[in-house]
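Trainee: Please take one part of this model and look at it closely with me. I would like to see how that part is built.

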Amino acid sequence: MPAAEQPESAANQVSGQSLAASVSERSLRKAVVVGGNRIPFARAGGAYAKSSNKDMLTAALDGLIARFGLQDERIGEVAAGAVLKHSRDFNLTREAVLGSALSPETPAYDLQQACATGMEAVLGLANKIKLGQIDSAIAGGVDTASDAPIAVSEGLREVLLDLNRARTVPERLRILARLRPKDLAPDAPTTGEPRTGLSMGEHQALTTAQWKITRGAQDELALDSHRNLAAAYDRGFFDDLMTPYRGLQRDANLRPDTSLEKLAALKPVFGKSLRAEATMTAGNSTPLTDGAATVLLASEEWAEARGLPKLATIVDGEAAAVDFVHGKDGLLMAPVFAVPRLLGRLGLTLDDIDFFEIHEAFAGTVLSTLAAWEDDKFGRTRLGLGGAFGKVDRSRLNVNGSSLAAGHPFAATGGRIVATLAKMLHDSGTVDGRPARGLVSVCAAGGQGVVAVLEAN
Amino acid sequence: MSGQLAEQPIILGDVPSLSKLYLNAAANTARRRILGAHPDPKLPTGSHEVRAVRVDIAKLTSYQHLLGETASDVLPAGFIHALAFPVSMSVLNRDDFPLPLLGMIHLKNHVEQLAPVLFTETLDIRAWTENLAGHRSGTQLDVLAEVRIHGTEKVVWRGTSTYLAKGVFLPGIDKPLVPSQGTSFTPPVPTGVWELGLDVGRMYAGVSGDFNPIHLNALSARALGLPRSIAHGMYLASRALADVGAARGETFAWDVQFEAPVFLPARVALEIATSQGMNGHWQHSDYVAWNPRSGRRHFSGSVTAL
């Protein structure tokens with residue numbers, strides 16, 4: 001029966017009315033960020049060299065549980081993921097929950113959207129809260145470049161699988177005879193895009209050159225990231241966002257004393273075979289990093305009932321993807337399209353945002369994104385706008401540092417940013433008589449990007 | 001249809017074995033060298049045909065995985081080329097074929113995929129030669145092949161491979177007067193890069209059946225006068241075709257011109273440029289590949305909507 005003919009559906013649920021109608025008439029409620037917890041990020045091969053994804057995710061989760069008194073609590077759902085994942089970790093998040101102090105009756109699932117994994121975990125769970133399916137949730141992400149899975153070669157794998165299927169000894173011997181010395185070489189994961197063979201850095205080098213982003217501008221952005229992150233540590237900003245782990249108190253990649261001179265002395269590592277000047281160095285690119293981050297989300301009622309903070313509301317989110325395979329757009333440029341769509345839907349412009357959190361995969365990624373938004377022709381021809389999308393006020397950008405300084409354990413970055421931004425929004429409260437607003441933008445492998453708007457609560 | 005095809009084709013009982021063909025070709029070369037015999041400077045008339053050819057599904061899957069094709073039930077155009085290749089080679093291996101088969105250089109290739117072919121289809125494959133002509137550094141000819149659904153006249157695939165017998169000049173066939181102009185090449189911004197290991201030649205031989213010694217290893221390549229083994233031209237062209245991707249649709253024309261050979265192992269830079277019509281529909285994708293260190297062009301070509 002059509003919903004329109006059932007005005008009192010909520011009161012009528014049992015009397016033969018369509019269940020779908022009664023659910024669809026439920027009004028959406030708010031999903032808020034209660035807080036977050038992460039472990040400091042380590043450089044690959046550093047403090048967490050022997051720590052697995054499960055170890056780190058559980059450590060971050062346990063810190064969150066301790067901070068918000070969630071021992072034995074049955075959380076609505078926990079969702080997290082890792083980009084580099086062992087096949088044995090098929091239920092990574094559920095295993096981390098079972099190893100944590102949460103109630104073992106807390107359900108959990110794994111998800112993966114490359115570097116946007118953490119953002120997608122936050123948005124998916126926030127939507128479940130908004131719909132009334134769950135009252136509380138923990139979103140997270142973890143990655144280790146140190147304890148990365150190494151696969152056996154295709155040749156050895158096929159032999160082992162065929163061997164398993166073989167019935168007789170001669171059959172097995174025939175299969176074993178197929179082995180060649182090269183089959184014994186292991187197969188390590190790479191950062192190469194499967195369809196182009198180019199590494200993420202080489203892809204970004206194409207985009208950096210296309211938008212004519214200078215070496216100096218990239219080094220300045222990297223310097224700002226280190227300075228802002230160091231200052232945030234110094235004033236204790238991360239004290240309630242982080243739990244020390246394996247002797248690390250701060251992100252190991254942070255260089256508080258770096259300078260433009262030091263950054264300028266580094267040799268380019270990407271884009272060396274392009275005709276344009278190679279501008280991307282180890283200083284203005286994120287290093288391979290290990291770490292984990294979690295965010296506690298809830299309905300307002302759930303947080304209030306437990307006397308927990310409500311830092312910020314997850315307002316809305318948007319995913320985008322670009323056709324990068326043959327170079328129509330840069331690999332990491334999807335947020336350039338996602339943000340105008342999201343802000344357009346909310347009736348906002350870049351001028352209405354108080355804090356920008358644009359993930360620093362590479363300094364060139366952030367600067368190419370800003371350049372595309374400031375470009376009149378790009379705005380007209382690619383974004384379908386009347387002109388340029390707008391200009392980001394640099395004094396509002398990554399004000400507490402971002403991935404260039406903190407490091408970037410792929411799936412953990414979304415959780416790091418959402419918790420950091422929620423606290424910043426809560427701290428600033430209102431701007432011009434309205435709640436402070438923040439924008440998160442995270443690019444991801446495969447030409448993808450996930451962006452979100454948060455508002456101070 | 002060409003005059004040669006007016007003749008009834010010679011029906012082969014089965015798809016000929018390429019390794020036997022290569023052995024026979026080597027023997028032929030040796031015999032001609034010893035006897036110094038100059039065959040008639042004209043191509044054999046008539047065609048060879050194999051009927052009711054079936055596709056090995058395991059081989060198809062390996063081919064699709066190696067080339068980066070989607071593992072669908074439709075045969076990739078390059079896979080059909082490999083399927084037809086032994087039939088083509090059997091024509092070049094005839095005693096009355098005037099050029100030495102071994103050491104011939106693949107200059108260019110043209111394929112028309114006229115209808116999608118499912119692996120369950122049974123196929124008739126016919127091959128013949130045409131257009132014996134002088135080339136500035138030898139003699140060239142076209143090897144044509146066409147694939148029909150078994151027992152029907154429906155041509156689903158057509159291919160023309162142009163080969164050069166380098167250093168072979170036949171009496172009565174003149175060199176072209178105009179030397180081919182070497183076009184200068186400035187490498188564009190790459191859209192991809194291929195890391196090709198030493199084993200690429202052997203792996204493609206495994207899925208295509210083309211065990212030409214110049215592709216297998218340095219030793220066998222050296223025996224034929226090459227410093228190292230080289231990648232199969234059709235491996236390179238077929239990977240470019242796979243990289244063009246699903247945009248190409250089910251029917252298309254696929255062209256490639258080969259230039260500097262790819263000595264293995266190699267790093268090959270590639271650009272694929274796609275053109276769309278006013279309505280946003282795909283029209284063609286042009287590709288070019290080069291050595292990123294030397295800037296020498298390896299091959300170029302296009303895939304065009306039919």
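Mentor: What follows is a walk through chain B, from its overall build down to single residues.

This is a predicted model, in which local features need pLDDT of at least 70, side-chain atom pairs count only at pLDDT 80 or more, and totals for chains, interfaces and linings use all residues. Residues are numbered from 1 along each chain as its sequence is written, while chains are lettered from A and ligands numbered from 1 in the order in which they are written.

Start with the inventory. Six helices and eleven strands make up the secondary structure of chain B. Here helices (H or I, at least four residues) and strands (E, at least two) are DSSP runs, numbered from the N terminus.

Now the overall form. The C-alpha trace of chain B spans about 60 × 50 × 35 Å along its principal axes. Its radius of gyration is 19 Å, which agrees with the value near 19 Å for a compact globule of 306 residues. That radius is taken over C-alpha atoms, and the globule rule is 2.2 Å times the number of residues to the power 0.38.

How much of chain B is buried? The figure is 38% of its 306 residues. Buried means that 20 or more other C-beta atoms lie within 10 Å of a residue's own; 12 or fewer means exposed, in between means partly exposed, and C-beta atoms are placed from the backbone.

Next, the contacts. Two residues are in contact if their C-beta atoms, placed from the backbone, lie within 7 Å. Take the contacts in chain B between residues at least 6 apart in sequence: 73% of them join residues at least 24 apart.

Chain B divides into two domains. Domain 1 covers 1–180, and domain 2 covers 182–306. These bounds come from an automatic or database domain assignment. The C-alpha centres of domain 1 of chain B and domain 2 of chain B are 19 Å apart.

Look at where these two domains meet. Domain 1 of chain B brings 30 residues to the contact, and domain 2 of chain B brings 27 residues. Stay on the domain 1 side. Which elements give two or more residues to the side of domain 1 of chain B that touches domain 2 of chain B? They are the helices α1 (18–35), α2 (57–67) and α3 (77–92), and the strand β3 (105–113), of chain B. β3(B) gives the most to that side, with eight residues. By class, the side of domain 1 of chain B that touches domain 2 of chain B holds 16 nonpolar, ten polar and four charged residues. In this count Ala, Val, Leu, Ile, Met, Phe, Trp, Tyr, Cys and Pro are nonpolar, Asp, Glu, Lys and Arg are charged, and the others, Gly among them, are polar.

Now go inside. A nonpolar core is a set of buried Ala, Val, Leu, Ile, Met, Phe, Trp, Tyr and Cys residues joined through C-beta atoms within 7 Å. The largest such core has 136 residues, and Val33(A), Cys115(A), Val122(A), Ala139(A), Leu297(A), Leu425(A) and Val440(A) touch the most other members. Helix α2 (residues 53–68) of chain A gives the most to this core, with eight residues. Apart from it lies another core, of 71 residues. Leu83(B), Leu101(B), Trp254(B) and Val303(B) are among the members of that other core.

Two backbone details deserve a stop. Most residues other than glycine have a negative phi, and most peptide bonds are trans.

The peptide bond joining Leu264(B) and Pro265(B) is cis, with omega about -5 degrees. Pro265(B) sits in the loop between β8 (252–258) and β9 (266–276) of chain B.

Ala52(B) is not a glycine, yet its phi is positive, about 60 degrees. Ala52(B) belongs to strand β2 (residues 48–53) of chain B. Is Ala52(B) buried or exposed? Ala52(B) counts as exposed because it has 11 C-beta neighbours inside 10 Å.

Finally, the partner chain. Twelve residues of chain B are in contact with ten residues of chain A. On the side of chain A that touches chain B, four residues are nonpolar, five are polar and one is charged.
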